[in-house]
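Visitor: I'd like to learn how to read a model like this one. Can you walk me through it, feature by feature?

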Amino acid sequence: MATKIPVTIITGFLGSGKTTLIRHLLQNNQGRRIAVLVNEFGELGIDGELLKSCQICPEDGNGSDNIFELTNGCLCCTVQEEFLPTMQQLIKRRDSIDCILIETSGLALPKPLVKAFRWHEIRNAATVDAVITVVDGAAVAAGTFASDPEAVEAQRQADDSLEHETPLQELFEDQLACADLVVLNKTDLVDRETKARVEEFIKQELPRVVKIVESCEGKLDASILLGFQAAVEDNLDSRPSHHDTEEEHDHDEDIISTHVILDRAFDPEKLRYQLQTLAQEQEIYRIKGFVAVPNKPMRLVMQGVGTRVEQFYDRPWKPQEARQTRLVFIGRDLNSFEIESQLISLTN
């Protein structure tokens, strides 16, 4: 165990706050040399670039060389294509790495990824220290997954033709079932009573006793997130999944990613309103990206979950960098043409 690189898998649904959590951890690494593997959904990488903007590069090298992006959509389905070569590359650098963080896409199942650590190419050099599941407390409180579980169950019992569980519900449950720690994020957006109700709901979904910690903007100490020594790959029997009896699992193929790149700046408030309007008109689960703002030297980060849109400035635009607005949309049956048309027609 002592010679193996500890790997922490950060999972969680779209927009739960995984990237924010990792970014805070990198900025408060307490001297740890951390490599990050980011699994994006879609062709346009946002999360990896956001992590590279943490501005914590060591003086003797380029810190962004420790951040690897996989854009194949889902690690649980494609671990042999990009994941294995990247892990082998990291293993060769084991003397200069204290730990590895893997941020899965919001659509990935954690358990198949953990099983990859049983492969002989990885097993003797790396171990899964823990699986951390990040939950958007406000989204769960709003009924994203089960607004009224009793009513849903009553409907299910009354009508056998109803689908018992949506793909998103199964995914949420599988991410919880594999967790060594649950981070209940965005607790600042709900009151005490609602937060208690969400915690109770999560406890009912967990197959065993797992610690739940509250978080606002992912601000948790590294000592809480690292050092579990759980060797998860050797302890999968206690982590049930809806797909344990399947050779392969299927994602909802209607969930797609599309992106818009525009060589123009936007007024943040007008853009926010337009994005909220789009989220009401289409079934958009997640919005994320960078925005150019008129007369601002800083790059604006916009992140949305449903109709809730957050924003912050992460760093100055680089001298040779194109001041583009780049946004990624993840959702079901998205009309890419309509999304781009509405943004192009927006005036400052």
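Guide: We'll go from the whole chain down to single residues. Keep in mind that this is a predicted model.

Visitor: Let's start with the overview. How many helices and strands are in the protein chain?

Guide: The protein chain has twelve helices and twelve strands. Its length is 348 residues, and 53% of them are buried.

Visitor: And what does the surface look like in numbers? How much area does the protein chain expose?

Guide: About 16,400 Å², with carbon and sulfur atoms supplying 45% of that.

Visitor: What share of the contacts in the protein chain joins residues at least 24 apart?

Guide: Take the contacts between residues at least 6 apart in sequence: 81% of them join residues at least 24 apart.

Visitor: Next, cores. What's the general idea there?

Guide: In soluble globular proteins, nonpolar side chains tend to be buried together. Here the largest nonpolar core has 23 residues, and the members touching the most others are Phe 83, Met 87, Ile 100, Ile 102, Val 114 and Phe 117. At least two residues each come from β1, β2 (34-39), α3 (75-92), β4 (99-103), α4 (110-115) and β5 (126-136). The largest share, four residues, is supplied by α3. There is also a second, separate core of 20 residues, and its members include Val 36, Leu 181, Leu 220 and Leu 225.

Visitor: Can we zoom in on one residue? Which residues is Thr 8 in contact with, leaving aside its neighbours within four places in sequence?

Guide: First place the residue, then check its exposure, then list its partners. Thr 8 sits in strand β1 (residues 5-12) and is buried, with a relative accessible area of 2%. Beyond those sequence neighbours, Thr 8 contacts Ile 100, Leu 101, Ile 102, Asp 129, Ala 130, Ile 132, Leu 225 and Leu 226.

Visitor: On to helices. Why is helix α1 described as largely enclosed by the rest of the structure?

Guide: Count the buried positions. In α1 (residues 18-27), eight of the ten residues are buried, so the rest of the structure largely encloses this helix. The buried ones are Lys 18, Thr 19, Leu 21, Ile 22, Arg 23, His 24, Leu 25 and Leu 26.

Visitor: Which residues are buried in helix α12?

Guide: In α12 (residues 336-344), they are Ile 339, Gln 342 and Leu 343. Look down the axis of α12 and these buried residues fall within an arc of 100°, so they line one face of the helix.

Visitor: What caps the N-terminal end of α12?

Guide: Look for a side chain reaching a backbone nitrogen. Asn 335 is the cap: one of its side-chain oxygens lies 3.3 Å from the backbone nitrogen of Phe 337. In the segment after α12 you'll find Ser 345, which is exposed at 53% relative accessible area. A polar atom of the Ser 345 side chain is 2.9 Å from the backbone oxygen of Gln 342.

Visitor: Now polar side chains. Is Asp 314 buried or exposed?

Guide: Asp 314 counts as buried, at 9% relative accessibility. The cut-off to remember is that buried means under 20%. Asp 314 belongs to strand β11 (residues 308-316), and its side chain makes a polar contact of 2.7 Å with the side chain of Arg 299. Asp 314 and Met 298 are 16 residues apart in sequence, with their C-alpha atoms 7.1 Å apart.

Visitor: Where does Glu 173 lie?

Guide: Glu 173 lies in helix α8 (residues 167-177), and it is buried, with a relative accessible area of 13%. Its C-alpha atom is 9.7 Å from that of Pro 207, 34 residues away along the chain.

Visitor: How should I read the backbone angles? What is the phi of Asn 295?

Guide: Check the sign of phi and whether the residue is a glycine. Asn 295 is not a glycine, yet its phi is positive, about 60°. You'll find Asn 295 in the loop between β9 (283-291) and β10 (298-305), and at 82% relative accessibility it counts as exposed. Gln 30 is another non-glycine with a positive phi, about 55°, and its place is in the loop between α1 and β2.

Visitor: Last one, cysteines. How many disulfides does the structure hold?

Guide: Zero. As for cysteine exposure, Cys 99 is buried at 6% relative accessible area, while Cys 216 is partly exposed at 31%.

Technical notes:
Residues numbered from 1 in each chain as written. Predicted model: local features only at pLDDT ≥ 70, side-chain atom pairs only at ≥ 80, totals over all residues. Heavy atoms only, no water. Buried < 20%, exposed > 50% of the residue type's maximum accessible area, 1.4 Å probe, protein only. Contact = heavy atoms within 4.5 Å. Areas by Shrake-Rupley, 256 points an atom, 1.4 Å probe, with all protein chains shown as cover. Arc of directions from axis to C-beta. Polar contact = N/O pair within 3.5 Å; in protein donor to acceptor, adjacent residues only side chain to side chain. Disulfide = S-S within 2.5 Å. Core = buried A, V, L, I, M, F, W, Y, C linked by side-chain atoms within 4.5 Å.
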